[in-house]
Amino acid sequence: MEVLKRNEKWYDWRWQLKHQITTLDKVEEVLGTWFSENKKKKLKDTLEKFPMAITPYYLSLVDAEDIENDPIFKQAFPNEKELIISKCDMVDPLSEEKDSPVDGITHRYPDRVLFHISNTCAMYCRHCTRKRKVGDKECIPSRDEIQKGIDYIKQTPVIRDVLLSGGDPFLLNDEYIDWILSEIAAIPHVEVIRIGTRIPVVLPFRITDSLIDVLEKYDNLWINTHFNHPSEITKDSAIALRKLAKAGIPLGNQSVLLSGVNDCPRIMKKLVQKLVKNRVRPYYIYQCDLSEGLEHFRTCIGKGIEIMESLRGHTSGFAIPTFVVDAPGGGGKIPVMPNYIISWSANKVVLRNYEGVITTYKEPDNYRQTMCELDCNDCNLNLKLEDKDKTRVIGIEKLLADYDDTITLNPSDLLR
Ligand SMILES: *Cc1c(COP(=O)(O)O)cnc(C)c1O
């Protein structure tokens with residue numbers, strides 16, 4: 001277990017990266033487990049298609065006595081089932097490349113973009129939704145490449161929220177991160193910047209004081225991390241999270257629902273409670289995407305609904321994330337949850353709570369809503385917008401709007 005000795009270098013994130021575990025032999029040596037020749041052959045074939053990289057820190061969390069059932073091991077170590085491509089699997093299930101106006105940017109929602117600023121990760125999650133790219137182009141994009149993304153954001157005034165992702169943005173060095181953040185923060189129409197990272201989970205030592213000095217300068221910065229199992233929240237991650245929280249950065253967490261890892265209401269409840277204890281607000285639980293090689297990780301959607309049922313009412317409201325299915329083909333995130341409305345009449349709504357109590361909400365007899373004609377000057381509600389709001393509404397919002405006469409939304413290939 002040489003590589004797992006906690007000497008002073010252990011806490012040096014660059015040392016951890018330099019000692020990433022990328023071969024089966026090394027895993028065998030470190031964990032003291034041996035695979036049969038036959039098994040090794042299959043695993044090697046898997047690694048040819050989807051490479052492996054694990055930080056010594058993350059591997060040290062594995063229970064070597066029970067690797068078959070270990071949630072850390074399952075997220076880090078290849079499984080020959082990754083080579084099974086099922087009929088519905090897609091290379092790019094979320095159509096991130098189709099919705100990309102310039103390299104590195106996915107612009108899907110009206111007011112926000114996803115900006116990939118790193119092509120590499122400290123640990124290659126076996127369940128990565130961008131599995132097609134893992135280990136492909138192990139590099140940090142050049143300033144010129146990143147500049148093109150920044151220019152797109154500059155030239156697109158509707159963007160008010162920029163989500164930095166990758167790969168992992170925290171694999172860039174401090175100066176590079178500072179440069180990107182400063183460029184984006186200087187764009188007048190950008191109101192919020194978010195960073196999506198798995199660093200607090202797989203390499204918490206990367207959250208150094210000098211990184212904090214950089215992040216602290218940006219007062220509209222949010223960070224979302226990616227804990228999937230309560231045993232990932234170690235003392236070391238807790239230290240990293242505390243530093244980020246102390247720097248005033250709001251923290252969120254996105255989990256992926258994974259078969260054999262966290263598809264259990266009790267595990268999920270423990271996870272969200274441990275997160276809020278560390279000042280991390282659970283944000284999303286994702287249904288596992290239809291990426292190639294993920295079939296063995298996928299659960300049915302009902303499992304996610306069951307988990308949501310086990311949370312609402314049973315624990316603190318702010319510990320409850322939204323369960324979402326990221327629509328295959330690029331439709332964005334669709335929230336899914338148990339049904340709480342049981343029935344409805346002209347003036348009553350029948351609801352049920354988490355205990356199964358059925359209750360009635362009597363609606364007001366004289367509710368008169370303010371009709372909206374999009375002219376805030378003509379309205380008695382107090383929103384002082386400078387001009388008439390010209391935003392064009394779309395989708396279901398449009399069907400509901402007073403000022404729009406649209407009655408139906410029709411598929412573009414409708415025959416009649
Ligand atoms: C998830 C995602 C976002 C952010 O969505 P939020 O619901 O605002 O967190 C933005 N763009 C893309 C392409 C995404 O996949």
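## Briefing: domains, ligand shell and a helix pair

The domain assignment splits the protein chain into domain 1 (2-83), domain 2 (105-335), domain 3 (338-366) and domain 4 (369-410). Keep in mind that this is a predicted model. Below is a quick run through one domain contact, the ligand's surroundings and a pair of helices.

**Domain 2 and domain 3**

- Measure from C-alpha centre to C-alpha centre, and domain 2 and domain 3 sit 36 Å apart.
- Where these two touch, six residues of domain 2 are in contact with four residues of domain 3.
- On the domain 2 side of that contact you get two nonpolar, two polar and two charged residues.

**Around the ligand**

- Thr106, Arg108, Tyr109, Arg112, Leu114, Leu163 and Lys333 surround the ligand.
- Two elements, β1 (105-109) and β2 (112-116), each give two or more residues to this shell.
- β1 has the largest share, with three residues.
- Sorted by class, the shell holds three nonpolar, one polar and three charged residues.

**Helices α11 and α12**

- Helix α11 (residues 265-277) and helix α12 (residues 301-311) have axes that come within 9 Å and cross at roughly 55°.
- That angle falls outside the parallel, antiparallel and perpendicular ranges, so α11 and α12 count as oblique to each other.
- As for handedness, the α11 and α12 crossing is right-handed.
- From α11, the contact uses Pro265, Met268, Lys269 and Val272, while α12 brings Glu306, Ile307, Ser310 and Leu311.
- By class, this α11 and α12 contact comes out as five nonpolar, one polar and two charged residues.

Conventions
Residues numbered from 1 in each chain as written. Predicted model: local features only at pLDDT ≥ 70, side-chain atom pairs only at ≥ 80, totals over all residues. Axes fitted to C-alpha atoms, helices over the stretch in contact; angles between N-to-C directions. Helix = DSSP H or I, 4+ residues; strand = E, 2+ residues; numbered from the N terminus. Parallel < 35°, antiparallel > 145°, perpendicular 65-115°, else oblique. Left-handed = near helix turned anticlockwise from the far one by under 90°. Contact = placed C-beta atoms within 7 Å. Nonpolar A, V, L, I, M, F, W, Y, C, P; charged D, E, K, R; others polar. Near = placed C-beta within 6 Å. Domains from an automatic or database assignment.
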